[in-house]
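Please work through the exercises below with the sequence and the model side by side. Each task is followed by a solution that goes step by step.

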Amino acid sequence: MRINKYLAACGVASRRACDKLVADGKVTINGKCAELGAEVNERKDKVAVDGVPVVMQTEHEYYIMNKPKGYVCTVRDDRDRKTVMQLLPEGVGRVYPVGRLDYDTEGLLLFTDDGDLAFRITHPRNEITKTYLAKIEGTIGEKELARLRGGVELDGKRTGKSIVKVIETDKTYTRLHVTVKEGRYHLVRRMFEAVGKEVTFLKRIKIGELTLGSLERGKVRRLRADEVFYLKNL
Ligand code: URA
């Protein structure tokens with residue numbers, strides 16, 4: 001198979017963009033710089049982009065949802081509440097949510113049947129960043145912001161450092177972007193609680209640099225191959 005076709009099938013980018021990667025000397029086949037139009041034996045050759053090995057897409061499925069509030073992130077709920085599984089369109093395979101968002105939290109939620117990827121994204125050791133849009137009542141002072149950024153104590157354990165930016169504020173409310181690397185229970189809500197502020201709205205807007213784009217609330221779409229490639233190399 002031609003190198004550009006192979007790279008596209010691996011989800012690296014479009015064929016044309018893959019040609020550019022080859023021309024820029026970023027692609028190797030068995031450790032040697034690949035030439036434009038080179039042939040790849042997909043069963044034997046080892047291909048890498050910027051030193052990162054690429055593999056053909058498997059039969060796994062990957063979806064992104066813009067979760068609305070009022071849904072639980074379990075396959076079944078013992079209190080009979082609505083579950084995110086009910087929002088998946090017909091024909092989707094046996095995928096499950098990657099990590100959790102609270103009942104009252106909305107935003108970016110991934111689904112897959114790829115256990116390796118789900119594990120990588122959720123394992124705290126990998127420190128994959130998750131960014132939230134949080135709204136609180138009233139204003140927040142520099143002292144509280146510094147405490148949130150440096151880590152607060154929850155259940156006897158300090159939260160890691162986080163990035164906290166005020167996006168918009170007036171006397172009645174403040175909107176902030178909060179980027180964390182952990183996935184502890186009600187993490188963002190409890191961080192604010194620890195500095196005396198109540199979160200009234202919470203939405204996950206990013207995992208790493210992956211965003212919802214224009215996906216509407218309650219909607220689901222398949223991830224594009226380049227998005228899957230990005231997540232696999234996070
Ligand atoms: N932090 C929370 O408090 N809730 C979530 O759903 C995610 C992060």
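The exercises go from the whole chain to single residues and their salt bridges. This is a predicted model, in which local features need pLDDT of at least 70 and side-chain atom pairs count only at pLDDT 80 or more, whereas totals for chains, interfaces and linings use all residues. Residues are numbered from 1 along each chain as its sequence is written, and side-chain values use heavy atoms, with hydrogens and water left out.

**Exercise 1.** Describe the chain as a whole.

Solution. Begin with the secondary structure: the chain has six helices and 15 strands, where helices (H or I, at least four residues) and strands (E, at least two) are DSSP runs numbered from the N terminus. Next, take the extent, since the C-alpha trace spans about 60 × 40 × 35 Å along its principal axes. Finally, turn to burial: of the 234 residues, 44% are buried, a term that means under 20% relative accessible area, with exposed over 50% and partly exposed in between (1.4 Å probe, protein chains only).

**Exercise 2.** Place Leu 154 and find its surroundings.

Solution. Leu 154 belongs to strand E9 (residues 153-154). With a relative accessibility of 6%, Leu 154 counts as buried. Beyond its neighbours within four places in sequence, Leu 154 has contacts with residues including Arg 184, Leu 187 and Arg 190, a contact being heavy atoms within 4.5 Å. Although Leu 154 and Arg 184 are 30 residues apart along the chain, their C-alpha atoms are separated by 9.6 Å.

**Exercise 3.** Which residue forms a salt bridge with Asp 155, and what parts of the chain does the pair tie together?

Solution. Recall that a salt bridge is a side-chain nitrogen of Lys or Arg within 4 Å of a carboxyl oxygen of Asp or Glu. The partner of Asp 155 is Arg 190, at 3.0 Å from N to O. Because Arg 190 lies in helix H5 (residues 187-194) and Asp 155 in the loop between E9 and E10, the bridge ties together parts that are 35 residues apart in sequence. As for accessibility, Arg 190 counts as buried at 17%, while Asp 155 counts as exposed at 66%.

**Exercise 4.** Examine the salt bridge of Arg 184.

Solution. Arg 184 pairs with Glu 182, and the closest N and O atoms are 3.4 Å apart. Both Arg 184 and Glu 182 are buried. For the wider setting, a search of the whole structure finds 15 salt bridges.
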